[in-house]
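This report describes selected features of one structure, shown below. It covers charged side chains, helix packing and nonpolar cores.

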Amino acid sequence: FCVDKKGHQRLGEFIWNEFQRSTQTDWQKQVIDWLAYLLPSIDPWIDANSVSKAATFLESHRRFMSARSLRRQALKLQKPDTEAQADALEALAANYTESAIGDQGRSNFDHSIELLGAAWNLRKRYLGENHPQTLMTLAKIPYGEAGLYTEGLQALEYVLKNAEALPPKELRKVQAHHAYYLYENGEFEASREIYRQLLQSCEPGTVERVIALSLLGFIEYELGHWEASKFFSEQALKDLDSVTAEFSSTHLIATIHLNLSMSMSSLGIHDQALKTTELAQAGFAESMDDSYPWWGAIWVDIGLVYLAASKDDAASQHADKAAMVSESLIGDKHFEPTCAWMLQAWIKLRNGDGNGAQQIIEKSLHVRKQTLPPAHWRILTCQENLAHIYRLLGQTNQSDGIALRWDEELSDHFAFTLSMEAATRISCRMAMASWRAGHK
């Protein structure tokens, strides 16, 4: 049907009409799959509002790469040096931040930082440095996601210092983002305290409260409080039932199920943990396409649940899949694939291959030192695991100078630190994405 320009246009008009019918259409899948491809051939392509509306729809279905060309077109259609241009810059930056797939050799976080920096400068010029919109643009710059934790914390602390003009809902977004940065920087107790305060400030029966509960579940897991983590995750799912009339997010539900399964696994409730993991996996499959870059992190967490249940073959399959996805979509020069490598190392160790585990952890440590701030907690846990393996292999001289924080047997230590650094990371990041999206 699309063999010529006229056929392309006729099909594009049909898909656009079905898109405007929203949930009433019987062609939802075709709209999602074809809209970005066909839109340039029809009149709405030169209307910024129409293009932006289509991009927002695709992003709500996690089709970030498809939506990106639309965001770029919407930006081209805006007059330079205007508020509308700043809005378009923010929207394109958000696309890069949430997808984070490498593009032409550059990190998408770099693109996002550049775009939001331009939007921030525009807002400073037209609105003033401490205007609420200007502050919120600064708060959105993904310094932490790019590993620039110092810059990120400085930016958020500036926003919080001047936050008296922010509406309560926007202030809570900034506070949640601040807590997330603290979490990524290994300051779990400080992060948990902010999430607790946020929970108290959220109205019952709101999505904000559900996300606050889920974030508390994630951080309690990192602190080794698995009963508390299980409680908050279950409460988040329970509370979500009361808001489904106004909001439905398969994606958010999947992240909560994933963390709940990790808590159950750590508590030894393996059968239920595996069933809950299946719910999470089904939810992610429904809400994301294969190009979503954080699939690798999801496979790591699921692999950990299988490993804890002594299903080593399934764990190994998920570890290999995680490594392949992370390396292909994010690249092996980012710390993300190292989490999959660490799971692979643990499986090798369980199978008696200490030398193989050593090689993988040495590679992971090298990448982490290249991509994370000095003395970052992910570097420290990697060093500690490597030191334990050196001792296991009789290479005690290699482990000299590495301070060990735990005295457990190697297997217990390795399982704990691997779980600590890999689990819930993806859940926390996805829940924060839901919060940033500004659901009412």
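In this predicted model, Arg196 has a relative accessibility of 36%, so Arg196 counts as partly exposed. Its salt-bridge partner is Glu220, with the closest N and O atoms 3.7 Å apart. Arg196 belongs to helix H10 (residues 188-201) and Glu220 to helix H11, so this pair ties together parts that are 24 residues apart in sequence. Unlike a partly exposed residue, which lies at 20% or above, Glu220 has a relative accessible area of 3% and is therefore buried. The pair also belongs to a network of salt bridges that links Glu189, Arg192, Arg196 and Glu220.

**Other salt bridges**

Side chains of opposite charge can pair when their charged atoms come close. Over the whole structure, a search finds 13 salt bridges. Three of these pairs are set out here, with the closest N and O atoms given for each.

| Pair | N to O distance |
|---|---|
| Arg21 and Glu18 | 3.2 Å |
| Arg71 and Glu59 | 2.8 Å |
| Arg196 and Glu220 | 3.7 Å |

Arg71 and Glu59 come from two helices: Arg71 is in helix H4 (residues 64-76), while Glu59 is in helix H3 (residues 48-60), so their salt bridge ties together parts that are 12 residues apart in sequence. Both residues of this pair, Arg71 and Glu59, are buried.

Arg21 and Glu18, in contrast, both sit in helix H1 (residues 5-21), where three residues, about one turn of the helix, separate them. Arg21 is partly exposed because its relative accessibility is 40%. Glu18 is buried because its value is 8%.

**Two buried arginines**

Where is Arg62 placed? Arg62 is in the loop between H3 and H4. Its relative accessible area is 13%, and since residues under 20% count as buried, Arg62 is buried. Arg62 and His251 are 189 residues apart in sequence, yet their C-alpha atoms are 9.2 Å apart in space.

Arg123 lies in helix H6 (residues 108-127). With a relative accessibility of 2%, Arg123 counts as buried. Apart from neighbours within four places in sequence, the residues in contact with Arg123 are Glu83, Ala86, Asp87, Glu90, Gly128, Gln133, Thr134 and Thr137.

**Packing of H11 and H12**

Two packed helices are described by the angle between their axes and the distance between the axes. For H11 and helix H12 (residues 226-240), the axes come within 8 Å and cross at roughly 165°. Angles over 145 degrees count as roughly antiparallel, so H11 and H12 are roughly antiparallel to each other. Their crossing is left-handed. On the H11 side, the contact involves residues including Arg209, Leu213, Leu216 and Glu220. On the H12 side, the contacting residues include Trp226, Phe232, Gln235 and Leu240.

**Nonpolar cores**

Which residues touch the most other members of the largest nonpolar core? Tyr195, Phe284 and Leu343 do, in a core of 106 residues. Helix H11 (residues 207-222) supplies the largest share of this core, 10 residues. A second, separate core has 20 residues, among them Leu38, Leu39, Ile42 and Phe57.

Helix H11 thus appears in several parts of this account: Glu220 of H11 forms a salt bridge with Arg196, H11 crosses H12, and H11 gives the largest share of the largest nonpolar core.

Note on methods: Residues numbered from 1 in each chain as written. Predicted model: local features only at pLDDT ≥ 70, side-chain atom pairs only at ≥ 80, totals over all residues. Heavy atoms only, no water. Core = buried A, V, L, I, M, F, W, Y, C linked by side-chain atoms within 4.5 Å. Buried < 20%, exposed > 50% of the residue type's maximum accessible area, 1.4 Å probe, protein only. Helix = DSSP H or I, 4+ residues; strand = E, 2+ residues; numbered from the N terminus. Salt bridge = Lys/Arg side-chain N within 4 Å of Asp/Glu carboxyl O. Contact = heavy atoms within 4.5 Å. Axes fitted to C-alpha atoms, helices over the stretch in contact; angles between N-to-C directions. Parallel < 35°, antiparallel > 145°, perpendicular 65-115°, else oblique. Left-handed = near helix turned anticlockwise from the far one by under 90°.
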